[in-house]
Structure formats: structure tokens, C-alpha cells
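User: I am new to reading protein structures and would like a close look at a single part of this one. Could you pick one helix and walk me through its surroundings?

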Amino acid sequence: MSNGSSIPQCLLLPFADTWELQLWHFWLILAIPLAALLGNSLINTSTACDQHLHTPRYFFLLSLSLLHLGCISTTVPKSMANSLWDSRPISYTACAAPIFFLHFFLIAEFYFLTIMSYDRYVAICKPLHYGSLLGSRACVHMAAAAWGAGFLTALLHTANTFSLPLCGGNAVEQFFCEIPQFLKLSCSHSYLREVGLFVIAVCVTFGCFVFIVGSYVQIFRAVLRIPSEQGCHKAFSPCLPHLAMLSLFVSTSAFAYLKPPTISSPPLDLVVSVLYSVVPPAVNPLICSLRNQEL
């Protein structure tokens with residue numbers, strides 16, 4: 001098998017072996033995107049309509065909610081249709097769009113989480129300079145950089161993945177199209193280009209992670225210098241939702257893309273993929289609204 005064009009279609013992984021169980025999965029999957037749609041739409045509406053929420057913090061939260069809606073819209077509809085109609089096939093070329101958009105939304109989400117850590121750092125450590133460092137123009141530039149970097153990175157990975165010759169059949173061991181699963185199907189001598197891009201992406205991601213950790217080290221130091229316990233709580237409470245979202249995203253994504261092949265299995269891959277691509281968009285609105293009287 002010389003290249004991907006010789007494969008008319010791929011077979012996605014079903015959620016269950018029987019149609020009755022797939023129907024149960026259909027209703028379960030339906031509930032999750034509905035919850036994500038409702039929660040993120042409420043955040044978007046509140047942020048757009050309430051003048052008091054027109055701040056850098058909520059501007060970035062609005063962008064994050066849009067990314068969550070895009071992410072769950074990329075992975076869930078096809079899996080719902082497959083469960084309802086007991087169908088697995090998807091054309092090889094039809095996998096390109098989900099792979100591109102999923103990685104675009106995920107990469108941009110991590111960049112926005114990095115920007116939000118900078119927002120918290122400036123708000124707590126440099127409050128007198130908050131308006132100048134995070135003015136409207138600076139916020140738009142940072143948001144545009146996050147969207148643009150996510151777009152270009154996803155485009156490179158998608159184009160490179162679909163230029164690889166495939167030798168491992170057409171069974172994708174996942175309920176949606178995903179780059180690691182396509183690399184398993186590629187010829188052993190041909191995936192080194194994607195591995196090279198992946199290494200570069202890991203280095204950039206690690207740089208962002210170091211920046212986030214450094215920001216929170218400075219935040220912790222500043223908060224610990226506040227004399228009153230109530231002041232410490234008030235200063236640090238806006239950071240808790242960001243830390244929760246960041247921990248959920250980083251832990252599940254890192255395990256999905258960096259786990260050793262020796263522990264990889266279709267059921268485990270399925271659970272991890274649900275955790276990093278479906279669960280965060282559904283639970284993040286709840287995380288954001290906890291202890292947040294403004295929302």
C-alpha cells in the first residue's frame with residue numbers, strides 16, 4: 001500500500017460491540033455536548049452583554065469558551081451518528097478536517113491558558129500596571145497570536161500526516177480521526193517527519209509550561225506576602241478556576257500524546273481521548289462559575 005489515496009475509507013472504533021449498548025452511548029454522548037453548549041453559551045452571552053465583564057480576564061475566557069465549543073463540535077457529532085446508525089466507515093479525505101480543527105482548537109486552547117496565567121500574574125503582582133500591560137490592543141494582539149499559532153501548527157501537522165504513506169490497514173483505533181492513530185497506520189520509515197514536528201511542538205509546549213509555572217511561582221510569593229487571610233483568599237481565588245482547567249487539560253493531553261506504546265490499548269485510548277477532548281468543554285463552564293459571583 002503506497003499511499004493514503006489507495007484507502008477509500010477508514011474504520012472508526014465503535015463505543016460498544018452491540019447496537020443496544022451503542023444507543024446508550026448515543027444518549028450519554030448527547031448529554032455531554034448539550035451541557036457544554038449550554039454552559040459555554042451562557043458564559044459567552046454573559047461576557048458579551050455585561051459591561052462589567054468587559055475585562056481582559058473575561059475576554060480570554062470568552063475565547064476559551066469558543067474553542068471549547070469548536071473542539072466538542074469536531075469530535076462528537078460523527079461519533080453520535082456512528083452510534084445511532086451502527087456505522088464505522090469514514091472516507092480517508094474526510095478525516096483531514098476533523099484532525100485539523102481538533103488540533104487547531106486544542107493548541108490554541110493551551111496558548112490561551114498560557115495567556116491567562118500572564119493575566120493573573122499581572123493582576124496580582126503588578127496591579128498598578130494592569131491597564132497598560134493588558135490594554136485592549138495588547139489583548140487583541142495576544143489573542144490573534146494564539147489563534148494564528150494554533151492555525152499554522154495544526155495546518156503543518158495535518159498536511160504532513162496526510163502526506164505519509166500508509167501500510168497498516170484502515171482501522172483507526174479511536175472514535176474520531178486523530179494523528180497518533182494515523183501514525184500507527186503509516187509505514188515505519190515514513191513518520192519521522194511528523195515525529196520531528198511533534199518534537200518541535202513539545203519544545204514550544206514545554207516553554208509555555210515553564211512560563212506558566214514561573215508565573216504562578218511569582219503569584220504564590222506575592223499572595224503569601226499579603227498579611228490578612230481574607231486578602232490572600234480574595235487575591236488567589238480567581239486563579240483556582242484557571243489552575244483547575246490547566247491541570248485537566250495538561251494531564252489528559254500529555255497522557256494521550258506522550259504515553260508509551262507498551263501501555264496503549266483501544267479501550268484506554270478511548271477513555272483518555274474522551275477525557276481531553278470531550279470532558280473539558282463540558283466541565284470548564286462549571287469550574288469557571290464556582291465562587292464567581294460575576295458569572
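Analyst: Here is a walk around helix H3, starting with the whole chain and ending with one of the neighbouring helices.

Keep in mind that this model is predicted. The chain has 295 residues, and 44% of them are buried. Its secondary structure consists of eleven helices and two strands, and along the sequence these follow the order β-α-α-β-α-α-α-α-α-α-α-α-α. Contacts often link distant parts of the sequence: counting pairs at least 6 residues apart, 79% join residues at least 24 apart. On the outside, the accessible surface comes to about 14700 Å², with 71% of that belonging to carbon and sulfur atoms.

Now to H3 itself, which covers residues 96-125. With 30 residues at 1.5 Å each, H3 should span 44 Å, and its end C-alpha atoms are 43 Å apart, so the two values agree. Is H3 mostly buried or exposed? Of its 30 residues, 23 are buried, so H3 is largely enclosed by the rest of the structure.

What encloses it? One partner is helix H5, residues 136-161, which packs against H3 at an angle of about 145 degrees with the axes 8 Å apart. H3 passes H5 in a right-handed crossing. On the H3 side, the contact includes Phe100, Phe104, Ile107, Tyr111 and Ile115, while H5 brings residues including Ala143, Ala146, Gly150, Thr153 and Ala154. By class, the residues of this contact are 18 nonpolar, four polar and no charged. It helps to remember that an α-helix has 3.6 residues a turn, so residues three or four places apart point the same way.

Looking at H5 on its own, its 26 residues should span 38 Å at 1.5 Å a residue, and the end C-alpha atoms are 37 Å apart, which agrees. Its buried residues include Ala143, Ala146, Gly150, Thr153 and Ala154.

Another partner of H3 is helix H9, residues 239-258. The angle is about 145 degrees here too, with the axes 11 Å apart, and the crossing is left-handed. Among the H3 residues that meet H9 are Leu106, Phe110, Leu113 and Arg120, and the H9 residues they face include Cys239, His242, Met245, Leu246 and Phe249. This contact has eleven nonpolar, three polar and two charged residues.

Arginine 120, which lies in H3, deserves a pause. Why does arginine 120 count as buried? The cut-off for buried is under 20% relative accessible area, and arginine 120 has 9% relative accessibility, so it falls in that class. Beyond its neighbours within four places in sequence, arginine 120 is in contact with Arg57, Tyr130, Tyr216, Ile219, Pro238 and Cys239. Take tyrosine 130 from that list: it sits ten residues from arginine 120 along the chain, and their C-alpha atoms are separated by 9.8 Å.

Finally, let us follow H9 a little further. H9 has 20 residues and reaches 27 Å from its first C-alpha to its last, close to the 28 Å expected. Its buried residues include Cys239, His242, Met245, Leu246 and Phe249. Leucine 248 is also in H9, and setting aside neighbours within four places in sequence, leucine 248 is in contact with Pro280, Val283 and Asn284. The C-alpha atoms of leucine 248 and leucine 275 are separated by 8.4 Å, although the two residues are 27 apart along the chain.

Notes:
Residues numbered from 1 in each chain as written. Predicted model: local features only at pLDDT ≥ 70, side-chain atom pairs only at ≥ 80, totals over all residues. Heavy atoms only, no water. Axes fitted to C-alpha atoms, helices over the stretch in contact; angles between N-to-C directions. Helix = DSSP H or I, 4+ residues; strand = E, 2+ residues; numbered from the N terminus. Left-handed = near helix turned anticlockwise from the far one by under 90°. Contact = heavy atoms within 4.5 Å. Nonpolar A, V, L, I, M, F, W, Y, C, P; charged D, E, K, R; others polar. Buried < 20%, exposed > 50% of the residue type's maximum accessible area, 1.4 Å probe, protein only. Areas by Shrake-Rupley, 256 points an atom, 1.4 Å probe, with all protein chains shown as cover. Expected span 1.5 Å × (residues − 1).
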